[in-house]
Amino acid sequence: MELWFTEKQTKSFGITAKVKRTLHTEKTDFQDLDMIETEEFGNMLVLDGMVMTTQKDEFVYHEMVAHVPLFTHPNPKHVLVVGGGDGGVIREVLKHPSVEKAVLVEIDGKVIEYSKKYLPEIAGELENSRVEVKVDDGFMHIAKSENEYDVIMVDSTEPVGPAANLFTKGFYAGISKALKDDGIFVAQTDNPWFKADLISQVFSDVKEIFPLTRLYTANIPTYPSGLWTFTIGSKKHDPLEVSEERFHDIETKYYTKELHRAAFALPKFVQDLTK
(Lines give C-alpha, C1' and ligand atoms only; values in the text may rest on other atoms or scores of the structure.)
Protein backbone atom coordinates (compact mmCIF):
# COMPACT_ATOMS: atom_id res chain seq x y z
CA MET A 1 0.00 0.00 0.00
CA GLU A 2 1.27 3.48 -0.87
CA LEU A 3 1.14 6.27 1.71
CA TRP A 4 0.75 9.88 0.55
CA PHE A 5 0.77 13.14 2.53
CA THR A 6 -1.47 15.92 1.22
CA GLU A 7 -1.36 19.53 2.32
CA LYS A 8 -4.68 21.22 1.65
CA GLN A 9 -3.44 24.65 0.64
CA THR A 10 -6.99 25.91 0.19
CA LYS A 11 -10.36 24.24 0.79
CA SER A 12 -10.29 22.98 -2.77
CA PHE A 13 -6.60 22.65 -3.71
CA GLY A 14 -3.56 20.88 -2.31
CA ILE A 15 -0.22 19.26 -3.07
CA THR A 16 0.72 15.69 -2.30
CA ALA A 17 3.93 13.74 -1.72
CA LYS A 18 4.59 10.02 -1.49
CA VAL A 19 5.78 9.08 1.98
CA LYS A 20 8.48 6.51 2.69
CA ARG A 21 7.94 6.57 6.45
CA THR A 22 6.90 8.71 9.38
CA LEU A 23 9.93 9.69 11.45
CA HIS A 24 8.14 11.45 14.30
CA THR A 25 4.70 12.78 15.16
CA GLU A 26 3.74 14.79 18.23
CA LYS A 27 1.26 17.34 19.51
CA THR A 28 3.48 19.95 21.14
CA ASP A 29 2.28 22.70 23.48
CA PHE A 30 1.73 24.89 20.41
CA GLN A 31 1.01 22.80 17.32
CA ASP A 32 0.93 19.41 15.62
CA LEU A 33 4.46 18.47 14.55
CA ASP A 34 5.24 15.77 12.00
CA MET A 35 8.55 14.77 10.50
CA ILE A 36 8.16 12.52 7.47
CA GLU A 37 10.53 11.06 4.90
CA THR A 38 9.22 11.59 1.37
CA GLU A 39 10.28 10.03 -1.92
CA GLU A 40 10.69 13.33 -3.80
CA PHE A 41 11.77 15.92 -1.25
CA GLY A 42 13.55 13.90 1.44
CA ASN A 43 12.81 14.63 5.07
CA MET A 44 9.95 17.09 5.49
CA LEU A 45 8.92 19.14 8.53
CA VAL A 46 5.15 19.61 8.76
CA LEU A 47 3.46 21.88 11.33
CA ASP A 48 -0.33 21.85 11.70
CA GLY A 49 -0.55 20.06 8.36
CA MET A 50 1.54 22.68 6.51
CA VAL A 51 4.93 22.00 4.92
CA MET A 52 7.56 24.12 6.64
CA THR A 53 10.73 22.87 5.00
CA THR A 54 12.21 19.91 3.12
CA GLN A 55 15.74 18.70 2.49
CA LYS A 56 15.42 19.18 -1.27
CA ASP A 57 14.15 22.76 -1.60
CA GLU A 58 14.90 24.40 1.77
CA PHE A 59 17.80 26.44 0.43
CA VAL A 60 15.55 28.73 -1.62
CA TYR A 61 13.55 30.11 1.29
CA HIS A 62 16.43 30.30 3.75
CA GLU A 63 18.78 32.04 1.34
CA MET A 64 16.20 34.57 0.20
CA VAL A 65 15.12 35.47 3.73
CA ALA A 66 18.70 36.01 4.88
CA HIS A 67 20.82 37.38 2.05
CA VAL A 68 18.56 40.08 0.63
CA PRO A 69 18.46 42.13 3.86
CA LEU A 70 22.00 41.24 4.93
CA PHE A 71 23.54 42.45 1.67
CA THR A 72 21.27 45.51 1.69
CA HIS A 73 22.56 46.59 5.11
CA PRO A 74 26.13 47.92 4.82
CA ASN A 75 27.41 46.40 8.06
CA PRO A 76 25.01 44.03 9.86
CA LYS A 77 26.42 42.98 13.21
CA HIS A 78 23.46 42.10 15.40
CA VAL A 79 20.73 39.97 13.80
CA LEU A 80 17.45 38.57 15.15
CA VAL A 81 15.51 35.66 13.66
CA VAL A 82 11.94 35.30 14.94
CA GLY A 83 10.74 31.74 14.46
CA GLY A 84 12.90 29.63 12.20
CA GLY A 85 13.49 26.85 14.71
CA ASP A 86 14.73 24.56 11.93
CA GLY A 87 17.90 26.68 11.86
CA GLY A 88 18.08 27.27 8.11
CA VAL A 89 18.00 31.07 8.23
CA ILE A 90 20.60 31.08 11.00
CA ARG A 91 22.88 28.91 8.82
CA GLU A 92 22.65 31.50 6.04
CA VAL A 93 23.09 34.49 8.38
CA LEU A 94 26.41 33.10 9.59
CA LYS A 95 27.81 33.21 6.04
CA HIS A 96 28.16 36.97 6.57
CA PRO A 97 31.43 37.66 8.44
CA SER A 98 30.23 41.03 9.74
CA VAL A 99 27.58 39.33 11.88
CA GLU A 100 28.87 39.15 15.43
CA LYS A 101 25.74 37.76 17.05
CA ALA A 102 22.61 36.09 15.71
CA VAL A 103 19.70 35.58 18.12
CA LEU A 104 17.05 32.96 17.33
CA VAL A 105 13.73 33.24 19.19
CA GLU A 106 11.55 30.18 18.57
CA ILE A 107 8.38 29.61 20.60
CA ASP A 108 8.33 25.82 20.16
CA GLY A 109 11.44 24.06 21.43
CA LYS A 110 10.28 20.80 19.86
CA VAL A 111 10.83 22.28 16.38
CA ILE A 112 14.46 22.91 17.30
CA GLU A 113 14.86 19.47 18.87
CA TYR A 114 13.54 17.45 15.94
CA SER A 115 15.15 19.63 13.30
CA LYS A 116 18.52 18.90 14.89
CA LYS A 117 17.71 15.19 14.81
CA TYR A 118 16.16 14.80 11.35
CA LEU A 119 17.36 17.91 9.46
CA PRO A 120 20.99 18.24 10.59
CA GLU A 121 22.13 19.90 7.36
CA ILE A 122 19.61 22.67 8.04
CA ALA A 123 19.95 22.95 11.82
CA GLY A 124 23.71 22.36 11.97
CA GLU A 125 24.71 25.91 12.96
CA LEU A 126 22.33 26.36 15.90
CA GLU A 127 25.14 25.58 18.36
CA ASN A 128 27.61 27.96 16.70
CA SER A 129 29.31 30.32 19.18
CA ARG A 130 27.88 33.37 17.37
CA VAL A 131 24.32 32.10 17.89
CA GLU A 132 22.06 32.55 20.91
CA VAL A 133 18.97 30.34 20.90
CA LYS A 134 15.99 31.38 23.01
CA VAL A 135 12.88 29.23 23.36
CA ASP A 136 10.49 32.11 23.83
CA ASP A 137 7.64 34.12 22.33
CA GLY A 138 9.01 36.21 19.47
CA PHE A 139 6.20 38.76 19.78
CA MET A 140 7.11 39.43 23.41
CA HIS A 141 10.84 39.46 22.65
CA ILE A 142 10.27 42.20 20.09
CA ALA A 143 8.08 44.13 22.53
CA LYS A 144 10.94 44.18 25.07
CA SER A 145 13.66 45.18 22.58
CA GLU A 146 14.67 48.72 21.64
CA ASN A 147 17.39 50.00 19.27
CA GLU A 148 19.06 46.60 19.46
CA TYR A 149 19.23 44.94 16.04
CA ASP A 150 20.60 45.82 12.62
CA VAL A 151 18.46 43.25 10.82
CA ILE A 152 15.35 41.34 11.93
CA MET A 153 13.98 38.38 9.98
CA VAL A 154 10.53 37.00 10.67
CA ASP A 155 10.60 33.32 9.69
CA SER A 156 7.10 32.38 10.77
CA THR A 157 4.45 29.86 9.81
CA GLU A 158 1.29 31.11 8.14
CA PRO A 159 -0.85 33.50 10.26
CA VAL A 160 -2.57 30.84 12.33
CA GLY A 161 -1.98 29.52 15.85
CA PRO A 162 1.20 30.78 17.56
CA ALA A 163 2.19 32.88 14.50
CA ALA A 164 -1.02 34.94 14.25
CA ASN A 165 0.44 37.89 16.19
CA LEU A 166 3.43 38.04 13.84
CA PHE A 167 1.28 39.48 11.04
CA THR A 168 -0.13 42.47 12.94
CA LYS A 169 0.60 46.17 12.51
CA GLY A 170 1.53 46.37 16.19
CA PHE A 171 4.20 43.74 15.68
CA TYR A 172 5.72 45.68 12.77
CA ALA A 173 5.75 48.83 14.90
CA GLY A 174 7.55 46.85 17.60
CA ILE A 175 10.10 45.67 15.04
CA SER A 176 10.78 49.28 14.05
CA LYS A 177 11.44 50.11 17.71
CA ALA A 178 13.70 47.08 18.12
CA LEU A 179 15.78 48.06 15.09
CA LYS A 180 18.62 50.57 15.09
CA ASP A 181 18.30 53.84 13.16
CA ASP A 182 19.35 52.27 9.86
CA GLY A 183 17.77 48.86 10.50
CA ILE A 184 16.04 46.53 8.08
CA PHE A 185 13.48 43.79 8.55
CA VAL A 186 12.04 41.12 6.29
CA ALA A 187 9.08 38.80 6.73
CA GLN A 188 7.72 35.95 4.66
CA THR A 189 4.30 37.05 3.42
CA ASP A 190 2.81 33.98 1.75
CA ASN A 191 1.71 33.67 -1.88
CA PRO A 192 -0.23 35.95 -4.24
CA TRP A 193 -2.49 33.26 -5.71
CA PHE A 194 -4.28 32.26 -2.51
CA LYS A 195 -3.37 35.02 -0.03
CA ALA A 196 -3.50 38.23 -2.06
CA ASP A 197 -5.42 40.08 0.67
CA LEU A 198 -2.79 39.17 3.26
CA ILE A 199 0.03 40.50 1.08
CA SER A 200 -1.83 43.75 0.44
CA GLN A 201 -2.59 44.25 4.13
CA VAL A 202 0.94 43.51 5.32
CA PHE A 203 2.48 45.75 2.66
CA SER A 204 0.14 48.57 3.61
CA ASP A 205 0.87 48.18 7.32
CA VAL A 206 4.64 48.03 6.84
CA LYS A 207 4.56 51.03 4.48
CA GLU A 208 2.93 53.14 7.20
CA ILE A 209 5.81 52.38 9.55
CA PHE A 210 8.93 52.12 7.38
CA PRO A 211 10.18 54.82 4.97
CA LEU A 212 11.07 52.20 2.38
CA THR A 213 8.93 49.11 1.75
CA ARG A 214 9.39 46.59 -1.06
CA LEU A 215 8.11 43.15 -2.07
CA TYR A 216 10.18 40.39 -3.64
CA THR A 217 9.55 36.80 -4.67
CA ALA A 218 11.12 33.35 -4.94
CA ASN A 219 10.09 29.99 -6.35
CA ILE A 220 9.56 27.35 -3.65
CA PRO A 221 7.91 24.18 -5.02
CA THR A 222 6.55 22.79 -1.74
CA TYR A 223 4.95 26.06 -0.62
CA PRO A 224 1.39 26.96 -1.68
CA SER A 225 1.36 27.86 -5.41
CA GLY A 226 5.18 27.76 -5.60
CA LEU A 227 5.39 31.57 -5.88
CA TRP A 228 6.36 33.02 -2.51
CA THR A 229 6.61 36.62 -1.37
CA PHE A 230 8.74 38.47 1.15
CA THR A 231 8.10 41.99 2.43
CA ILE A 232 11.08 44.12 3.38
CA GLY A 233 10.89 47.28 5.47
CA SER A 234 13.91 49.55 5.75
CA LYS A 235 14.59 52.74 7.66
CA LYS A 236 17.35 53.89 5.32
CA HIS A 237 18.91 51.37 2.92
CA ASP A 238 17.26 50.43 -0.38
CA PRO A 239 17.71 46.81 -1.53
CA LEU A 240 17.70 48.08 -5.13
CA GLU A 241 20.56 50.51 -4.47
CA VAL A 242 23.19 48.08 -3.17
CA SER A 243 26.64 48.89 -4.56
CA GLU A 244 28.66 46.25 -6.41
CA GLU A 245 31.40 46.42 -3.77
CA ARG A 246 28.94 45.43 -1.06
CA PHE A 247 28.47 41.93 -2.49
CA HIS A 248 30.98 39.28 -1.47
CA ASP A 249 31.21 35.64 -2.44
CA ILE A 250 29.17 33.21 -0.38
CA GLU A 251 28.18 29.62 -1.04
CA THR A 252 24.58 29.52 -2.26
CA LYS A 253 22.32 27.40 -4.47
CA TYR A 254 19.64 29.98 -5.32
CA TYR A 255 20.65 33.52 -4.35
CA THR A 256 23.00 35.53 -6.57
CA LYS A 257 23.77 39.24 -6.69
CA GLU A 258 21.91 39.40 -10.02
CA LEU A 259 18.89 37.66 -8.50
CA HIS A 260 19.02 40.08 -5.56
CA ARG A 261 17.77 42.82 -7.88
CA ALA A 262 15.73 40.63 -10.21
CA ALA A 263 13.60 39.25 -7.34
CA PHE A 264 12.02 42.70 -6.99
CA ALA A 265 10.74 42.65 -10.59
CA LEU A 266 7.16 41.60 -9.96
CA PRO A 267 4.46 40.19 -12.23
CA LYS A 268 1.79 42.83 -12.80
CA PHE A 269 -0.86 41.10 -10.67
CA VAL A 270 1.62 40.91 -7.77
CA GLN A 271 2.78 44.48 -8.28
CA ASP A 272 -0.85 45.58 -8.03
CA LEU A 273 -1.00 44.19 -4.49
CA THR A 274 1.51 46.84 -3.37
CA LYS A 275 -0.63 49.81 -4.51
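This report walks through the two domains of the structure, their sheets and the helices that pack on them.

The model is predicted: local features need pLDDT of at least 70, side-chain atom pairs count only at pLDDT 80 or more, and totals for chains, interfaces and linings use all residues. Residues are numbered from 1 along each chain as its sequence is written, and side-chain values use heavy atoms, with hydrogens and water left out.

**Two domains**

The domain assignment splits the protein into domain 1 (3–53) and domain 2 (58–274); such bounds come from an automatic or database assignment. Their C-alpha centres lie 23 Å apart. Domain 1 gives 21 residues to the contact and domain 2 gives 22 residues, where contact means heavy atoms within 4.5 Å. Between them the domains bury about 2000 Å², with 70% of it on carbon and sulfur atoms. Buried area here is the accessible area (1.4 Å probe) that two parts lose on being put together, summed over both.

**The five-stranded sheet**

Helices (H or I, at least four residues) and strands (E, at least two) are DSSP runs, numbered from the N terminus. Strands pair if DSSP finds at least two bridges between them. One open sheet has five strands in the order E1-E2-E3-E4-E5, with antiparallel pairing. Strand E1 (3–10) and strand E5 (50–54) each have a single partner strand, so one side of each is left without a neighbour in the sheet. From one strand to the next, the twist averages 45°; angles run from 0 to 180 degrees between N-to-C directions, and axes are lines fitted to C-alpha atoms, for helices over the stretch in contact.

Six bridges hold the antiparallel pair of strand E3 (residues 32–38) and strand E4 (residues 42–47), and Asp-34 stands opposite Val-46 in E4.

**The seven-stranded sheet**

A second open sheet takes seven strands in the order E8-E7-E6-E9-E10-E12-E11, and its pairing is mixed. At its edges, strand E8 (131–135) and strand E11 (212–219) each pair on one side only. The twist in this sheet averages 15° from one strand to the next. E11 runs antiparallel to strand E12 (residues 227–234), joined by eight bridges, with Asn-219 opposite Leu-227 in E12.

**Helices on the sheets**

Here is how three helices sit against the strands.

| Helix | Strands touched | Direction angle |
|---|---|---|
| H3 (residues 109–118) | E2, E3, E4 | about 15° with E3 |
| H6 | E6, E9, E10 | about 140° with E10 |
| H7 | E10, E11, E12 | about 145° with E11 |

H6 (residues 169–178) and H7 (residues 196–209) also pack on each other, at an angle of about 35° and with their axes 9 Å apart. Lys-169, Tyr-172, Ala-173 and Ser-176 of H6 meet Val-202, Asp-205, Val-206, Glu-208 and Ile-209 of H7.
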